[in-house]
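Q: Could you pick one part of this model and go through it closely, residue by residue where it helps? After that, I'd like the neighbouring pieces in the same informal style.

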Amino acid sequence: MIALTNRQARQFILRKQGLLGTYRFKGKQGALEYVRQAGCIQFDPVDVCGKNAELTLQSRVKGFTKDMLYALLYEDRSLVDYPDKNLSIWPVEDWPYFERYRRAAREGGRSFEGLDRLEEQTVSWLREHGPASSDSLPVEGEVYWHSHIHWSGNWGGKSNAARAALEQLYSTGELIIHHKKGARKFYDLAEKYLPRTLLDAPDPLPDDAAHQRWRILRRIGAVGLLWDRRLIRELFGFEYTWEIYTPQAKRKYGFYVLPLLYGDRFAGRVEAAAKGEETFSEGGKKERILLVKHIWLEEGMRRTKAFDAALDRCIRRFAAFNGCGRTVRPQE
């Protein structure tokens, strides 16, 4: 048994996450090292001031840019985007550990009449022509997905045949995401990009209990203690809910609000958005801005010169991360 004070536990978690003291993770290699430590980072396509996977890395990795994550995913193939409970990004070397889920997807697909024919057409076309999205793949028709809970989501109802074939083959591991344009995904054959040693590797933990133990230890090892909202509330006295999917009338703060960390405490929250289409500089050249809509400080947080200077540096760095040459802040 090891007894920790509240402050020791806070600092342990923050140092493990690379959020306290000097940067532990630096550049593109540091981004890869962080994902390997974390096991996975969740992916969400919403981009107000960076996608959430990018936001996770920019706060922990010195010099991180959005291009670094794109390169790790779609050029180096050191990372893959594939479900891990939710849509996630994880190290490619973990591919064998997810074989049980790919096998479940293959078995589930057998219950849909005509799907195997669509899969054959899709694989044949991709082998000859290369990456395709559901809009560009010439596979026509509709597939009716019966009420069936797929391991990565609910697949009930009708679906475009091209989309159904691509997503099913992605779930079974025969396809990977080749690249993305905005929210649009382009798929190609996994065998073109991942080594056969990975693709043919058996499940290293076929026993259910051993697999669950691996998942639990992987999760605990990622953060140092079990990370959840209750723990954050107990250790930091900070209540945080991502309100993007909360109806506007029920939101306490705003659509896309991020926490502000100062030392080993959460100092407040900020709502910011990267804008560009309608904004022009004095010379008439289009310019992106970071619009800081609102800043909420936690109760008891004192505004000092040191805090204000740190906040200014943080906002300038965040603006640069989003490619914004100027910041617009509310009157304070």
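A: Let's start with a working rule: two strands pair if DSSP finds at least two bridges between them. Keep in mind that this is a predicted model.

With that rule, take β2 and strand β5 (residues 86–91): two bridges join them, and they run antiparallel. Within this pair, Gln42 stands opposite Ser88 in β5. Zooming out a little, the sheet is an open one of three strands, ordered β2-β5-β4, with antiparallel pairing. The edges belong to β2 (41–42) and β4 (79–84), each of which has a single partner strand, so one side of each has no neighbour in the sheet. Helix α2 (residues 27–38) packs on this sheet, where it touches β2, β4 and β5. The direction of α2 makes about 115° with that of β5.

There's another strand pair worth a look. Six bridges join β10 to strand β11 (residues 184–189), and this pair also runs antiparallel. His179 stands opposite Phe186 in β11. The two strands form a hairpin with two residues between them, and Gly182 in that turn has a positive phi of about 65°. As for its surroundings, strand β10 (residues 175–181) has six of its seven residues buried, so the rest of the structure largely encloses it.

Now the helix before that, α7. Ten of its eleven residues are buried, so α7 too is largely enclosed by the rest of the structure. Among the buried ones are Ala161, Leu166, Glu167, Gln168 and Tyr170. The N-terminal end is capped by Asn160, which has a side-chain oxygen 2.9 Å from the backbone nitrogen of Ala162. At the other side, just after α7, Gly173 takes a positive phi of about 90°.

What does α7 pack against? One partner is helix α6 (residues 115–129), which meets helix α7 (residues 161–171) at an angle of about 80°, with the axes 9 Å apart. Angles of 65 to 115 degrees count as roughly perpendicular, and α6 and α7 are therefore roughly perpendicular to each other. From α6, the contact uses Leu115, Leu118, Glu119, Thr122, Val123 and Leu126, while α7 brings Ala161, Ala165, Leu166, Gln168 and Leu169. Sorted by class, that contact has eight nonpolar residues, two polar and one charged.

Finally, two arginines. Arg100 sits in helix α5 (residues 99–109). With a relative accessible area of 14%, Arg100 is buried, the cut-off for that label being under 20%. Its side chain makes a polar contact of 2.9 Å with the side chain of Asp208, and a polar atom of the Arg100 side chain lies 3.1 Å from the backbone oxygen of Leu205. Setting aside neighbours within four places in sequence, Arg100 is in contact with Asp203, Leu205, Pro206, Asp207, Asp208 and His211.

Arg233 is the other one, found in helix α10 (residues 229–236). Its relative accessibility is 33%, so Arg233 counts as partly exposed. Leaving out neighbours within four places in sequence, Arg233 is in contact with Phe238 and Glu239. As for Asp308, it is 75 residues from Arg233 in sequence and 25 Å away in space, C-alpha to C-alpha.

Terms used. Residues numbered from 1 in each chain as written. Predicted model: local features only at pLDDT ≥ 70, side-chain atom pairs only at ≥ 80, totals over all residues. Heavy atoms only, no water. Axes fitted to C-alpha atoms, helices over the stretch in contact; angles between N-to-C directions. Helix = DSSP H or I, 4+ residues; strand = E, 2+ residues; numbered from the N terminus. Parallel < 35°, antiparallel > 145°, perpendicular 65-115°, else oblique. Contact = heavy atoms within 4.5 Å. Nonpolar A, V, L, I, M, F, W, Y, C, P; charged D, E, K, R; others polar. Buried < 20%, exposed > 50% of the residue type's maximum accessible area, 1.4 Å probe, protein only. Polar contact = N/O pair within 3.5 Å; in protein donor to acceptor, adjacent residues only side chain to side chain.
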